[in-house]
Amino acid sequence: KRVPPSWRQKIASSDLAKKIDAFANDPAVDEVDQALAPHVAAIRRVFQYYSQIGPVGGQKILAELSLGQFKRFVKDMRVIGQLPAGVQGVPLMGAAIAIIFTSANKEADGLDSEGTGGNMMVHFEWVYALARIAWDMFPQGGLTQRFDTLMRKFLVPFVLDPLVGPEPALPEHFTSAKVRAVLTYFEPMLRNIFDYYARADVNASSRNLALCGTMSVQEYTQLLSQGGLICEDLTMKRATAAFNQVSSLFLGDANEMELNFEMFCAVLTSLCVTSEPDIQFAATFARWMQSSFIPKFGFVIAQRHRSSIERHRSSISTNMSGTT
């Protein structure tokens with residue numbers, strides 16, 4: 001697996017960088033890449049699992065960890081207090097958890113425009129926290145050796161194996177030929193909806209200009225909210241799980257928590273709530289597209305365009321009156 005650049009950049013701009021370089025055996029080898037690459041899939045899956053623990057409401061930003069969630073993860077990993085027999089290392093003290101959390105949220109890395117200002121931990125900050133824990137616990141060797149020990153002795157046996165479950169896969173209905181035909185038929189309208197929300201944060205930073213063809217978790221949450229999709233049958237928890245299930249299969253270099261159009265379509269097959277058997281799902285999905293999803297977002301987008309035009313006209317009118 002390729003290591004997302006944001007993971008590498010976070011660690012390279014942190015206080016660990018000089019320590020890692022000092023222990024590197026071969027200056028030509030990227031120590032961070034070498035340490036993280038074998039564990040990319042496991043890192044993604046565990047982060048997604050813990051981001052769903054606790055209350056998930058309309059204001060909850062998906063794919064972030066609070067301090068409480070991070071503490072739960074560290075506790076489950078069993079790195080506090082006495083270590084398992086046969087493991088050589090320095091266990092973490094309880095007070096170290098908050099220190100690591102705060103250190104991970106520092107803005108010095110230049111990436112915090114994607115983060116949350118220090119209150120929540122996003123994916124690349126959590127990866128730094130893992131590297132920091134590995135470095136502090138195991139005094140021997142470089143980052144590759146220390147990180148591998150943390151994964152093999154703690155994260156995999158105590159967290160990944162018992163909690164995360166099987167490898168993520170595409171929603172079962174998405175691969176059906178009939179469902180694919182439905183998606184092909186509605187593709188022009190679905191692309192308009194996808195493109196509208198994928199550009200929602202395009203003005204947030206210049207970096208986002210390169211990501212306007214993908215949908216972030218914040219944009220996905222905005223789509224759910226503005227479309228009024230969350231209800232008794234389609235809960236936020238279910239919608240969150242659908243995003244996480246599909247995004248874990250999308251290995252983009254820019255941001256591991258982004259959906260491209262194909263993945264967006266896969267998520268939609270999970271959002272269509274039905275209890276009908278598989279053979280009838282394509283027909284139900286087509287009705288949902290035609291009578292609910294497409295018209296609903298056509299109205300929402302048109303209404304927001306009208307509001308934008310009215311604001312623009314009002315601004316012009318105000319400016320003109322100010323010059324007279």
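## A tour starting at W126

Select W126 first. Setting aside neighbours within four places in sequence, W126 is in contact with I43, V46, F47, L65, F70, F73 and M121. Keep in mind that you are looking at a predicted model.

**Stop 1: the core around you.** Next, colour F70, F73, W126, L150 and F154. In the largest nonpolar core, which has 50 residues, these five touch the most other members. Now show the helices that feed this core: α1 (5-12), α3 (31-36), α4, α5, α6 (94-104), α7 (123-137) and α8 (143-164) each give two or more residues to it. Which element gives the most? That's α7, with 11 residues.

**Stop 2: α5 against α7.** Hide everything except these two helices. Their axes come within 13 Å and cross at roughly 40°, and the crossing is right-handed. To see who does the touching, pick F70, F73, V74 and M77 on α5, then W126, A129, L130 and I133 on α7. What classes of residue make up this contact? There are 8 nonpolar residues, with no polar and no charged ones.

**Stop 3: α4 against α5.** Leave α5 on screen and swap α7 for α4. Helix α4 covers residues 40-51 and helix α5 covers residues 67-77; they pack at an angle of about 125°, with their axes 10 Å apart. Because of that angle, α4 counts as oblique to α5. The crossing here is right-handed. Show the side chains of V46, Y50 and S51 in α4, and you'll find them meeting Q69, R72, F73 and D76 in α5. By class, this contact has 3 nonpolar, 2 polar and 2 charged residues. You've met two of these residues already: V46 and F73 are among the contacts of W126.

**Stop 4: the other core.** Bring back the whole protein, and put W126 and its core in one colour. Where should you look for another core? Try selecting F186, Y196, Y220 and C272: they are among the 43 residues of a core that lies apart from the one with W126.

**Last stop: the whole view.** Zoom out and switch to cartoon. How many helices and strands does the protein have? Count along and you should get 14 helices and 2 strands. Of the protein's 324 residues, 46% count as buried. Finally, think about how the chain meets itself: among contacts with a separation of 6 or more, 68% are between residues 24 or more positions apart.

Key
Residues are numbered from 1 along each chain as its sequence is written. This is a predicted model: local features need pLDDT of at least 70, side-chain atom pairs count only at pLDDT 80 or more; totals for chains, interfaces and linings use all residues. Side-chain values use heavy atoms; hydrogens and water are left out. Axes are lines fitted to C-alpha atoms, for helices over the stretch in contact, and angles run from 0 to 180 degrees between N-to-C directions. Helices (H or I, at least four residues) and strands (E, at least two) are DSSP runs, numbered from the N terminus. Angles under 35 degrees count as roughly parallel, over 145 as roughly antiparallel, 65 to 115 as roughly perpendicular and the rest as oblique. A crossing is left-handed if the near helix is turned anticlockwise from the far one by less than a right angle, and right-handed if clockwise. Contact means heavy atoms within 4.5 Å. Ala, Val, Leu, Ile, Met, Phe, Trp, Tyr, Cys and Pro count as nonpolar, Asp, Glu, Lys and Arg as charged, and the others, Gly among them, as polar. A nonpolar core is a set of buried Ala, Val, Leu, Ile, Met, Phe, Trp, Tyr and Cys residues joined through side-chain atoms within 4.5 Å. Buried means under 20% relative accessible area, exposed over 50%, partly exposed in between (1.4 Å probe, protein chains only).
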